[in-house]
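Me: I would like a close look at a single part of this model, the ligand site. Please take the surroundings of the ligand and the space it occupies together.

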Amino acid sequence: MNDYIAPATQASPALTMLSEEEQMFRDSVRDFAQHTIKPHVRQMDEKAEFRHELIEEFFRLGLMSLGVPEEYGGSGGSFFQTILAIEELSAVDPSAGVIVDVQNTLVTNAILRWGSEAQKKLYLPRLAADTVGAYALSEAGSGSDAFAMTTRAENHKDDFILKGRKLWITNAKEAGLFLLFANANPEAGYRGITAFLIEKDAPGFKVGRKEDKLGIRASSTCELLLEDCKVSQENVLGETGKGYKIAIETLNEGRIGIGAQMSGLARGALEHAIAYARERQQFGKPIGDFQSVRFQLAEMALQVEAARNMTYNAARLKDAGAPFVKEAAMAKYFSSQVAEGVSSMAIEIFGGYGFTKDYPVEKYWRDSKIGKIYEGTSNMQLQTIANLILGK
Ligand SMILES: Cc1cc2nc3c(=O)[nH]c(=O)nc-3n(C[C@H](O)[C@H](O)[C@H](O)COP(=O)(O)OP(=O)(O)OC[C@H]3O[C@@H](n4cnc5c(N)ncnc54)[C@H](O)[C@@H]3O)c2cc1C
């Protein structure tokens, strides 16, 4: 097992102990989520649309470029800060959490790691200022088996011509830049997969149908159509044929973001359940006075605590440059399980009211379901964990 020992000179505080800077940052995002996002959550869920002004606020607050160095216009924060932001936003609205998650853990992250200096200078300031990013790997026939993609990129001297369709792409409706994977050499199998940076107005590129979903309804999920889409060689991210590595490595990191989304969601549901248990009277006293309800809340709180600790651990390992892939898969797997269980229990604590749309807990439960599906289903996380503890 890969136990990582921090260098002796490095302090190792408790996982949930925040530095002053982290605490100030966390409090400012919490305040923003509570005061600015919360009033719109129900309507955005009903309309299945995320308010444009709120996305503008994300940019203004630097939430869309948290890990981007200041020289490229970003906030120059740590990966852990990104995790704190996703957690706080998701405690109020998991759709807000995933918009920021995709932008930071997948798109800007990949450009920072694999982009040329010219690509960094061109795209990172835009992604920090006003351009939403999307990450396009999945297709109708290739989800868990992502490398079986059928989108093709034909090499035509200075350009590539892309043909195919992508499905389920988060942020697609709002995005100006797409990190998209296509196979440029199908004979080489997954070693032909190449990552491209595609602008929304590229010739032959179109955002298609938007899905009508069970949960995270305000987050857009759309199909992408590539009909002889012309992309310059300069828009290849990293090397031709190395897209599989970019996909695997970004998703390894992205999973910590989903852990944060799900542990934040679970905390949000728990907070509502605690407030309700204090207030709702039955048999002449608050339901929170009944031992069974108290134990239910205690059980929920310990699940949330465990999920948050696992997520923080994976994020802090990543920031420390230590191995984190197993811990990231565990955090994502566990947090999505906790999110579903805790939000379901919150509905029960609300009784009949919890089953209605007049109260927020049913939405948390609907939103929780996606945690076990995207960025690798729960089965795929177990496969990663098993491979790492047993060897392939
Ligand atoms: C709301 C939403 C947003 C999304 N956002 C994005 C995005 O931004 N970008 C993107 O690229 N994709 C995105 N996705 C796609 C998502 O990553 C896939 O849906 C996911 O990877 C699962 O693929 P699939 O739907 O094809 O299911 P399948 O792969 O067909 O899986 C179906 C079932 O079979 C199981 N299964 C499959 N293979 C195995 C195996 N080898 N062993 C055990 N069990 C297995 C799975 O665990 C699952 O239970 C999004 C999806 C949704 C619903």
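Which pocket is the space taken by the ligand?

Reply: This is a predicted model. The ligand takes up the space of the largest pocket, whose volume is about 1,400 Å³. Of the 45 residues lining this pocket, Gly 143, Leu 251, Arg 255, Glu 375 and Gly 376 are the closest to its centre. By residue class, the lining divides into 23 nonpolar, 13 polar and nine charged residues.

Several secondary-structure elements build that lining. At least two residues each come from α5 (94-114), β3, α7 (243-279) and α11. The greatest contribution is that of α7, with six residues.

The shell around the ligand itself consists of 19 residues. Tyr 135, Ser 144, Trp 168, Thr 170 and Thr 377 are the closest of these. The shell splits into nine nonpolar, eight polar and two charged residues. Here β1 (132-136), β3 (159-170) and α11 (378-390) each provide at least two residues. Thus β3 and α11 appear among the contributors to the shell and also among those to the pocket lining.

Three polar contacts involve nitrogen atoms of the ligand. For Tyr 135, a backbone N or O atom is 2.7 Å from a ligand nitrogen. For Ser 138, the partner is a polar side-chain atom, 2.7 Å from a nitrogen atom of the ligand. Thr 170 likewise places a polar side-chain atom 2.7 Å from a ligand nitrogen. As for coverage, the ligand taken alone exposes 970 Å², and the protein buries 65% of that area.

Technical notes:
Residues numbered from 1 in each chain as written. Predicted model: local features only at pLDDT ≥ 70, side-chain atom pairs only at ≥ 80, totals over all residues. Heavy atoms only, no water. Near = heavy atom within 4 Å. Polar contact = N/O pair within 3.5 Å; in protein donor to acceptor, adjacent residues only side chain to side chain. Areas by Shrake-Rupley, 256 points an atom, 1.4 Å probe, with all protein chains shown as cover. 1 Å grid on protein atoms, 1.4 Å probe; cavity = no way out; pocket = protein on both sides within 12 Å on 5 of 7 lines; lining within 4 Å. Sits in = over half its atoms within 2 Å of the grid points. Helix = DSSP H or I, 4+ residues; strand = E, 2+ residues; numbered from the N terminus. Nonpolar A, V, L, I, M, F, W, Y, C, P; charged D, E, K, R; others polar. Points joined across faces, edges and corners; volume = space filled by probe spheres on them.
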